[in-house]
Every structure is written in C-alpha cells, then in structure tokens.
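The following exercises introduce a protein structure to a new reader. Each task is followed by a solution in steps.

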Amino acid sequence: AFLEKILNAKTQLEIFELYGLVNQNASFAHNIHLTYRDYEVMRQGVPLNETLPIPEKGMNFHRPSSCHCPTSNLFLGSGLFDMKSHIEYDVPFGIGTDVGGGTSYSLLRTLGEVYKVSMLGALEAGNELTAQDKPMYPGGEEEGEDGSLDKYFFPVKESYRLSPLKQIYLITLGTAKQLGLENFVGNFQQGKEADFVVIDKESTPWVRQRLKDITQKYAKKAEAGPLSRAQLLNEVGEKLLAVSTLSSDSVVKATYVLGTCQYLREVDMELDIESDYRAEIVAAAAGAYVYDRKHGF
C-alpha cells in the first residue's frame, strides 16, 4: 500500500499530502520546485490529521509554509526559491540557514543571499518560456477542473525585488509567524521573550562610508523641502540593505537571551580604539564594561 501511494503520487508534495502532512503544523524546507497544483495545495492546506501532535499552548499554526534556505540552495546548486510565486499564491514563508548544506549561521549574511536569489529568479536555467509538449511531471496529463493540462507544470520563475524592510521582517516577526511562535518572539512587544542581538550598523569602514553616502544623498534631497514618508522609509531601507549586504560577523556586538546579556565582544582598548569592533559603544549603551584581555579592565 505504501509503495502504491508513492508510485501514484506525481510530485514530492503529493506524497506528504496523501498522508495528511500538508497541514497547518507543517513547515517545508526549501520548496524550490513546486508545480501550480503544489502551490494550490500549500495555499489551502488540508485538515489536520487527528493522529498528529496538537500545537503547544500559545503556538499559532495557520497554514503550511515554506522555509527559504538560500545559502544551502546555492552551495548545492539545487535551484532558486520562487519568491514571487509564493507571494502570488499567498503561501507563507520564512528564512532559514540550513548549515547542513549552507555556508553561514548569520541571518544578515543569509539576507544578502535572499536578495540575490529573488533578483536572479528570471535567469534560472530551468525556465522555459515556450509551450511544452507534455507536463513537467509524468502522469500529469489528466485534465484539471477547468479542462487544462498544465497543473503539473512549474511556474516560470520571475525576478522579485525584495524590499529591505521586508527582509528584516522575514528574519524577525515573519519567520516567527511562519513557525507559529509570534506570541513568544519576533519583535519587542511587551510580554514577549527578549531574545535579540545588538547590531553595530557601522561595523566596518566600507559600511560606514556607504551609510554616510546614503545620509548625504537624502540630506541633499531635503534641501528642497521636508522628505516625504516614502522617502524616509526608502532611506531606512537603503541603510538596512547596506548593513545586510556589506557586514561581516563583527556586526554583532551583544547577544541577549530572555533579556539578559549573554555575549559582549571583547576588545583591546588601545589597539582597537579605531577598529571595526567598537564594542565599547555597545557596552556603554548597556551600562556594562568591556573586558580588556591585556590590561584587565
């Protein structure tokens, strides 16, 4: 019976669907090769199998979702995540690192790859802009409800310019919602667990210069009159994009877990006074001291 079900399934997602696993408790990693029908299944979901574990109290599972892991997909050459189709079909998705096949734990570095993948969608070699003689999946020739034969085709991928503000949302509240954890983490709403990192947005000379250029550009625009709300948001977005694409791991100055500082970068106050690290700034903001290995203060 198991083999019969597997052999009758036309896509990988259909195998999960046959066993009632495409439900509000499911988050599928990668999901880079989905057919039109797969997107419909992900968008609608199926009833939760009564034999599956019920979500814990406080956890919110809404619909099946995808977890986009760009560094893994790029390193392994698996393909490109179709962000535009996910948005058009209203399929929730979040961001992951998947360092089993990926290259970094850093969500900021991962954001840089998210942006590149979303921009490269239209250039994927697997795209076919001409009509096909048969569906992409064997056995998909059966007609759909509308008489069409294309429900097992892959949508042609297109580029999607992801807003820097949406990028930050995806690695915070967006992914928290995707995992059903928005009642616990994702933003600084009162009552949530205070798990966060402190970012030095001027962590390297080139980031500092880029931010300076952006500030000067918008200051020049402001000479003609007050900036509009859209312009102010664009300025913030450009700065966020610069930080996420140009920063190294040194951008993290402190790490807090449940509101308690668990990590604070150590520096040599004499040698690093003009360095990229600038941990003393974070320490002052946190009312703490930075330990100096050489001098012991």
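A disulfide is a pair of cysteine sulfur atoms within 2.5 Å. The model is predicted, so that local features need pLDDT of at least 70 and side-chain atom pairs count only at pLDDT 80 or more, while totals for chains, interfaces and linings use all residues. Residues are numbered from 1 along each chain as its sequence is written, and side-chain values use heavy atoms, with hydrogens and water left out.

**Exercise 1. Cysteines**

Task: Determine how many disulfides the structure holds, and explain the result for C69.

Solution. Step 1: The number of disulfides is zero. Step 2: For C69, the closest cysteine sulfur belongs to C67 and lies 4.0 Å away, which is too far for a bond. Step 3: Accessibility is then assigned by class: buried means under 20% relative accessible area, exposed over 50%, and partly exposed in between (1.4 Å probe, protein chains only). With a relative accessible area of 4%, C69 is buried, whereas C261, at 32%, counts as partly exposed.

**Exercise 2. The chain as a whole**

Task: Describe the secondary structure, burial and contacts of the protein chain.

Solution. Step 1: Helices (H or I, at least four residues) and strands (E, at least two) are DSSP runs, numbered from the N terminus. The protein chain has ten helices and six strands. Step 2: It comprises 297 residues, of which 38% count as buried. Step 3: Contact means heavy atoms within 4.5 Å. Among contacts between residues at least 6 apart in sequence, 69% join residues at least 24 apart.

**Exercise 3. Two buried residues**

Task: Locate E14 and S104, and state what each touches.

Solution. Step 1: E14 belongs to helix α2, residues 12-18, and is buried at a relative accessible area of 7%. Leaving aside neighbours within four places in sequence, E14 is in contact with N8, A9, R37 and Y152. Step 2: S104 is found in the loop between β3 (93-95) and α6 (107-120). S104 is also buried, at 11%. Step 3: Not counting residues up to four places away in sequence, S104 touches T71, T97, V99, R109 and T110. The C-alpha atoms of S104 and T71 are 7.4 Å apart, although the two residues are separated by 33 residues in sequence. Step 4: A polar atom of the S104 side chain lies 2.9 Å from the backbone nitrogen of S106.

**Exercise 4. Strand pairing**

Task: Establish how β2 pairs with β1 and β3, and give the order of the open sheet of three strands.

Solution. Step 1: Strands of a sheet pair through backbone hydrogen bonds, either parallel or antiparallel. Two strands pair if DSSP finds at least two bridges between them. Step 2: Strand β1 (residues 27-29) runs parallel to β2, joined by three bridges, and S27 has S65 as its bridge partner in β2. Step 3: β2 and β3 also pair in the parallel sense, over three bridges, with I95 in β3 as the partner of H68. Step 4: Both faces of β2 (residues 65-68) are covered, since S65 and C67 on one side and S66 and H68 on the other are all buried. Step 5: The open sheet has the order β4-β5-β6, with antiparallel pairing. Because β4 (196-199) and β6 (260-264) stand at the edges with a single partner strand each, one side of each is left without a neighbour in the sheet. Step 6: Four bridges join β4 to β5 (residues 252-257); within this pairing, V197 has T255 as its bridge partner in β5.

Terms used. Polar contact = N/O pair within 3.5 Å; in protein donor to acceptor, adjacent residues only side chain to side chain.
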